[in-house]
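Dear colleague,

I am passing on the structure we spoke about, and it is placed just below. My notes on what turned up in it follow, and I would be glad if you could read them with the model open.

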Amino acid sequence: MERITLPLPVLRILDHFREQDFHTYRHMLMISALSTLILSHLEPRRRKPEEDKFTHFGPFHDVGKYSVPLPVLLKKTPLTSDELDLLRHHAVSGYILLSYYLGDHEGLAAAIALDHHERRNGSGYSRGIRLNNLVVEVTTVCDIYDALVAQRPYRPISYDNRTAIEELTWMAQRGEIGWEAVQVLVALNRGDGRLAGKIQVSLERRGAPPEQNVYGKLADEKENPATQ
């Protein structure tokens, strides 16, 4: 991780979040580290050669949130539909920013920024494509996991670790994400990442989401909640 080189504008964006929105700053660093850890435990034959260089792409996936107004990022109550649209724009914005600053619109870092909210079954955003890139999907799994277990403005209490992993296992069961990254995450939580791919993941649900959680709820469409 110490070998990562970031363009100066991206460093400035990180400084912006460090000073104005520490949740996003911490989240970007955590996803970079956790994604690298999980990828290191995946079988080499499941990775393409360029994917082994993932550590060099660093904390890029949420760079596009620089274009989202801070009152939206820091809001403690449910978002409106318009605010959700602003928030979801961060995926395209991140792709544009990284394509420009890294000089590579087809690179893996830009793809991660653009597609980390996509799903295997096409139910994600911003393009609604069927996600089939392993590294992007690892980032997706880490992004969801950390969003659940970390402190967030819209939730006074975080998910406990078990409930967060149960949410991911049910997403895999529904075909929204694949099992590879989820199995590694479970294996690491059990204390041995070498068991990834061999462990049995239970679908039993014993956890419960925290109370007063407004994640995924819209202020003006309470009958039709959407995922943030």
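Please keep in mind throughout that this is a predicted model.

I began with helix H9, residues 179-189, whose buried residues are Ala181, Val182, Gln183, Val184, Leu185, Val186 and Ala187. These buried residues pack against three helices, namely H2 (22-41), H7 (134-149) and H8 (161-173). After H9 comes Gly191, which has a positive phi, near 100 degrees.

Val182 also leads into the interior, since leaving aside neighbours within four places in sequence, Val182 is in contact with Val141, Leu168, Thr169, Ala172 and Ile177. The largest nonpolar core has 30 residues, and Val182 is listed among those with the most contacts inside it, together with Ile38, Val138, Val141, Tyr145, Leu168 and Ile177. At least two residues of this core come from each of H2, H6, H7, H8 and H9, and the largest share, 9 residues, is supplied by H7. There is also a second, separate core of 21 residues, which includes Leu6, Tyr25, Val72 and Leu218.

The other site I looked at is His116, located in the loop between helix H6 (108-115) and H7. His116 counts as buried because its relative accessibility is 0%, the cut-off being under 20%. The side chain of His116 makes a polar contact of 3.2 Å with that of Asp62, and a polar atom of the His116 side chain lies 3.0 Å from the backbone oxygen of Ala113. Not counting residues up to four places away in sequence, His116 touches His61, Asp62, His90, Val136, Thr139, Thr140 and Asp143.

With best wishes

Notes. Residues numbered from 1 in each chain as written. Predicted model: local features only at pLDDT ≥ 70, side-chain atom pairs only at ≥ 80, totals over all residues. Heavy atoms only, no water. Buried < 20%, exposed > 50% of the residue type's maximum accessible area, 1.4 Å probe, protein only. Helix = DSSP H or I, 4+ residues; strand = E, 2+ residues; numbered from the N terminus. Contact = heavy atoms within 4.5 Å. Polar contact = N/O pair within 3.5 Å; in protein donor to acceptor, adjacent residues only side chain to side chain. Core = buried A, V, L, I, M, F, W, Y, C linked by side-chain atoms within 4.5 Å.
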